[in-house]
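Dear colleague,

Please find below the structure that I am handing over to you. My notes on what was found in it follow directly after.

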Amino acid sequence: MRYAICFTPAANDPLSHAAANWLGRNVFSGEMVEPTAIRGLSIHEVAFHTAVPRRYGFHGALKAPFRLAADMSEPQLLRELMRFCGTLAPFSIPRLEVARTGSIFSLVPSLPCDNVQYLASSIVQQFDQFRAPLSDADIERSDPDGLSAAQFANLHRWGCPYVMDEFRFHMPLTGPVSLIDMSRIERSLRSVFEPVLVDPVKISNVALMVEEGNGGPFRVHSLHPMGKVSARRERVPVPA
């Protein structure tokens, strides 16, 4: 079993609904979702292109999947995540947009967002104590020969090449897409997601995600609100 620390909108957020319909799975319940008709793409094409991100669910990784260290437990991880999130101030990403990252499509900030970079770096450092060391097989799967020097150093120090200065926040929407299909997939993605990307995306929760079994799909285990409890409570009017 592996855990990951991520951002995903609340279950009732319109962006969560759009993503669940596109990916064909609800990341909160783990249930499969009947795909909606998308102009220009068949249901089979959508299922094919979303196979990889469907397993992981709609999310933006802040700390990549990891196995718990031998001396750590899930209750310890939950307590520390709850405590840590209480020290964080909520913020917003002004705008997310559909963009190509390598050969896949993701939702990414339209402009650099220092707050999300800082959040991810802080989480990687704070929760490294919970991570079991990588096995030789884990390292090999990361394709170390294809990494830059900085990415290679990150892999051995933090268990993931794409952290700190190498981190780029993204919420994957497809697996690898061939060049011949890219323009068609991009048009369809924009038609699905642009209507729910008009407003800034508020980052007010951090999600702990858990892998079901060994190699199974990921789902949201729990959402942890950012900020002190007293600051999150709505003020109740005092009767005159």
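A good place to start is S16, which is in contact with P9, A10, A11 and F28, once its neighbours within four places in sequence are left aside. This residue belongs to helix α1. Is S16 buried or exposed? Its relative accessibility is 10%, and buried means under 20%, so S16 counts as buried. Please keep in mind throughout that the model is predicted.

Helix α1 also meets another helix. The axes of α1 and helix α8, residues 179–193, come within 10 Å and cross at roughly 145 degrees. On the α1 side the residues involved are L15, A18, A19 and W22, and they meet L189, V192 and F193 of α8. In character, the residues of this contact divide into 7 nonpolar, no polar and no charged.

The sheet

I turn next to the strands. As general background, strands of a sheet pair through backbone hydrogen bonds, either parallel or antiparallel. Here, 4 strands form an open sheet in the order β2-β1-β8-β9, and their pairing is antiparallel. Which strands stand at the edges? They are β2 and β9 (218–225); each has a single partner strand, so one side of each is left without a neighbour in the sheet. From one strand to the next, the twist averages 20 degrees.

The pairing of β8 with β9 is antiparallel and extends over 7 bridges. To see one example, look for A207, whose bridge partner in β9 is L223. Helix α4, made of residues 74–85, packs on the sheet and touches β1, β2, β8 and β9. The direction of α4 makes about 45 degrees with that of β9. Helix α5, made of residues 114–126, lies across β1, β2 and β8, and runs at about 15 degrees to β2.

The pockets

Rolling a probe the size of a water molecule over the atoms shows where empty space is left. The largest pocket has a volume of about 1,500 Å³. Its lining consists of 47 residues, and Y56, A64, P65, C160 and Y162 are those nearest its centre. Two or more lining residues come from each of β1 (3–7), α3 (51–56), β2 (60–66), α6 (136–141), α7 (149–158) and β8 (205–211). Which element gives the most to this lining? It is β2, with 6 residues. The lining of the largest pocket divides into 26 nonpolar, 11 polar and 10 charged residues.

The second largest pocket holds about 250 Å³ of space. It is lined by 16 residues, of which P9, D13, P200, V201 and K202 lie nearest its centre. Both α1 (14–23) and β7 (201–203) supply at least two residues of this lining. By type, the residues lining the second largest pocket are 10 nonpolar, 3 polar and 3 charged. You will recognise P9 from the opening of these notes, where it was named as a contact of S16.

A loop residue

Finally, please look at S148, which is placed in the loop between α6 and α7. Its relative accessibility is 33%, which lies between the limits of 20% for buried and 50% for exposed, so S148 counts as partly exposed. How far apart are the C-alpha atoms of S148 and P161? These two residues are 13 residues apart along the chain, and their C-alpha atoms are separated by 8.8 Å.

With kind regards

Terms used:
Residues numbered from 1 in each chain as written. Predicted model: local features only at pLDDT ≥ 70, side-chain atom pairs only at ≥ 80, totals over all residues. Heavy atoms only, no water. 1 Å grid on protein atoms, 1.4 Å probe; cavity = no way out; pocket = protein on both sides within 12 Å on 5 of 7 lines; lining within 4 Å. Points joined across faces, edges and corners; volume = space filled by probe spheres on them. Nonpolar A, V, L, I, M, F, W, Y, C, P; charged D, E, K, R; others polar. Buried < 20%, exposed > 50% of the residue type's maximum accessible area, 1.4 Å probe, protein only. Contact = heavy atoms within 4.5 Å. Pairing = 2+ DSSP bridges. Axes fitted to C-alpha atoms, helices over the stretch in contact; angles between N-to-C directions.
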